[in-house]
Amino acid sequence: MDRSLLLLPLYCAVALWLIRFQQTPPLEAMESLSTQIRSALFERIAAVSSFFQLREQNDRLALQNAMLLERELSLRNTFEESSARESFQGFTGKGSHSFITARIVDRRYDAKENLLLIDKGSSSGIAENMAVVTPDGLVGRVISVATNYAKVMPVIHADFSVSGISALNGTHGLLQWQGGHESTAMLRHVPSSSTITEGERILTTDYSTFVLRGIPLGTVASVEHGSQFHTVTVDLAVDFSRLSHVLVSLQRPDPRKPPLNNK
Amino acid sequence: MPKKILSYSLVLLLLTLVQLLLVSRMSFMGITPDIISIMVVYTALRHGRTGAMNIGFAGGLLLGFFTGNMGAEALAKTIEGFVAGSIHLPEESHASASQKQRYFYKGLLIASIAGNTVTGMLLNAHLLPVPLNLFLTLVIGTAMTMLTGVIAYQLLLGKILTRK
């Protein structure tokens with residue numbers, strides 16, 4: 001009997017088993033290892049292809065961006081909120097934000113995978129579920145961490161969603177990428193009673209489990225009125241095609257905040 | 001035999017790195033050429049179906065290890081190896097250079113169609129409707145892989161295959 005006819009079901013069974021159990025701890029640990037190796041390889045290549053001075057300059061500029069973003073968020077918190085509301089903010093109202101600057105060593109926005117790899121990991125204090133931003137806005141969320149690298153799920157990922165609020169009239173919605181173009185996403189669950197209009201800025205809210213409020217998500221590009229909900233298209237604040245450095249926010253929403261379903 | 005396995009493993013590792021580090025940068029609409037498929041077809045032509053499936057499965061696992069899609073890549077490339085196995089030309093076949101070339105292109109075409117059909121159904125990072133994703137992966141993926149295959153054959157594989 002032809003050996004290939006025996007091998008075919010065997011190999012297919014192993015492959016299907018790997019697909020079925022992709023999210024289990026041993027395979028996730030293997031993925032973390034592959035992230036580490038792959039990032040290291042990409043970093044070597046980036047190091048060869050980039051000029052040393054430009055790289056230093058980029059890092060310095062990124063650090064400056066981090067400081068400016070800290071300052072901007074601090075000022076925004078100070079001026080935009082009333083003192084009464086400040087007393088409820090606790091954790092987020094203190095105006096101190098700290099970021100780690102990281103360089104993107106690999107990115108994939110292809111038909112098979114949407115992710116970013118950054119050159120900072122657990123050794124720099126990065127942990128899962130930390131927010132990743134730029135001065136322009138939210139980039140994504142850390143989903144797995146190796147010692148020196150971390151994998152970031154960008155806003156333009158099928159499984160990514162974040163709560164957003166209109167800066168102008170306070171309309172809430174859930175920002176989700178619907179596939180297709182990488183510069184637009186949809187703000188879902190916006191009630192038809194809302195007066196949201198084109199051009200309004202959408203920011204993150206306190207509802208999020210990983211990102212602080214006030215980080216720009218994008219600008220409303222169009223509103224289609226529906227019977228129950230509006231269909232809101234948002235031009236994303238971050239240009240994913242030009243990302244080279246990001247800031248990882250070490251500060252997360254108040255961990256003491258109980259979930260709504262906690263009795 | 002162990003020497004042959006070692007040399008094929010090294011070539012596979014090298015091609016996987018080239019696929020990840022260089023070829024993946026040449027994407028069109030998020031789809032890239034697949035040089036592992038070219039190796040699978042080359043193996044099918046020289047060593048038959050079993051060898052092609054072994055290379056396909058190992059190459060798929062290796063590529064998937066780095067991309068996070070081990071199962072899908074291994075499945076696609078195993079099926080590519082199985083399908084491409086139909087073009088096996090034994091060394092004693094005395095096939096002419098043009099016959100070998102024709103067999104290689106034919107094998108690459110059917111293997112690429114089979115592999116892209118599997119990945120088009122299993123992997124859809126851009127969240128396109130499944131039929132559209134399948135269509136784009138099939139048409140663009142197969143075209144890009146064929147183009148790369150033609151270049152690889154003209155530059156290198158043709159010389160190896162027709163060497164006496």
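These legends describe close-up views of a predicted model with chains A and B.

**View 1. Chain A meets chain B across a shared interface.**
On the chain A side, 37 residues are in contact with 33 residues of chain B. Together the two chains bury about 3,100 Å². Carbon and sulfur atoms make up 69% of that buried area. Salt bridges between chain A and chain B number zero. Polar contacts are present: three residue pairs, with both residues at pLDDT 80 or more. Three elements of chain A each give two or more residues to the side that touches chain B: helix H1 (3–20), helix H2 (25–49) and strand S1 (99–109). H1(A) supplies the largest share, 12 residues. By class, this side of chain A holds 20 nonpolar, seven polar and 10 charged residues.

**View 2. Chain B is built from helices, with zero strands.**
Chain B has six helices. Read from the N terminus, its elements run α-α-α-α-α-α. The chain is 164 residues long, and 53% of them are buried. Among contacts in chain B with a separation of 6 or more, 70% join residues 24 or more positions apart.

**View 3. Strand S5 of chain A is largely enclosed.**
S5(A) spans residues 150–154. Five of its five residues are buried, so the rest of the structure largely encloses this strand. In a regular strand, side chains alternate between the two faces of the sheet. Both faces of S5(A) are covered. Ala150(A), Val152(A) and Pro154(A) lie on one side, and Lys151(A) and Met153(A) on the other.

**View 4. S5(A) pairs with strands S2 and S4 of chain A.**
Strand S2 (residues 114–118) runs antiparallel to S5(A), and three bridges join them. Here Leu117(A) stands opposite Lys151(A). Strand S4 (residues 137–145) is also antiparallel to S5(A), and five bridges join this pair. Gly140(A) has Pro154(A) as its bridge partner in S5(A). S4(A) leads into S5(A) by a hairpin of four residues.

**View 5. Arg103(A) and Asp119(A) form a salt bridge.**
Side chains of opposite charge can pair when their charged atoms come close. In this pair, the N to O distance is 3.8 Å. The bridge links distant parts of the chain, 16 residues apart. Arg103(A) belongs to strand S1 of chain A, while Asp119(A) sits in the loop between S2 and S3 of chain A. Both residues are buried. Over all chains, the structure has four salt bridges.

**View 6. Asp34(B), Glu73(B) and Lys77(B) are linked in a network of salt bridges.**
Lys77(B) takes part in a salt bridge with Asp34(B), with their closest N and O atoms 2.6 Å apart. That pair links distant parts of the chain, 43 residues apart. Lys77(B) lies in helix H4 (residues 70–84) of chain B, and Asp34(B) in the loop between helix H1 (2–21) and helix H2 (35–47) of chain B. Lys77(B) also forms a salt bridge with Glu73(B), at 3.6 Å from N to O. These two residues share helix H4 of chain B and are four residues apart, about one turn of the helix. Lys77(B) counts as buried because its relative accessibility, 1%, is under 20%. Asp34(B) is buried too, with a relative accessible area of 11%. Glu73(B) is likewise buried.

**View 7. Ser194(A) sits in a loop of chain A.**
The loop lies between strand S8 (184–191) and strand S9 (201–204). Ser194(A) has 12% relative accessibility, so the residue counts as buried. Its side chain reaches the backbone nitrogen of Ile196(A) at 3.1 Å. Leaving aside residues up to four places away in sequence, Ser194(A) touches Thr171(A) and His230(A).

**View 8. Asn129(A) has a positive phi, and His189(A) has one too.**
Neither Asn129(A) nor His189(A) is a glycine. For Asn129(A), phi is about 70°. This residue lies in the loop between S2 and strand S3 (131–134) of chain A. Asn129(A) is partly exposed, with a relative accessible area of 33%. For His189(A), phi is near 60°. His189(A) lies in strand S8 of chain A. At 45% relative accessibility, His189(A) counts as partly exposed.

Methods:
Residues are numbered from 1 along each chain as its sequence is written. Chains are lettered from A and ligands numbered from 1 in the order in which they are written. Side-chain values use heavy atoms; hydrogens and water are left out. Contact means heavy atoms within 4.5 Å. Buried area is the accessible area (1.4 Å probe) that two parts lose on being put together, summed over both. A salt bridge is a side-chain nitrogen of Lys or Arg within 4 Å of a carboxyl oxygen of Asp or Glu. A polar contact is a pair of N or O atoms within 3.5 Å; within protein, one must be able to donate a hydrogen and the other to accept it, and residues adjacent in sequence count only if both atoms are side-chain atoms. Ala, Val, Leu, Ile, Met, Phe, Trp, Tyr, Cys and Pro count as nonpolar, Asp, Glu, Lys and Arg as charged, and the others, Gly among them, as polar. Buried means under 20% relative accessible area, exposed over 50%, partly exposed in between (1.4 Å probe, protein chains only). Two strands pair if DSSP finds at least two bridges between them.
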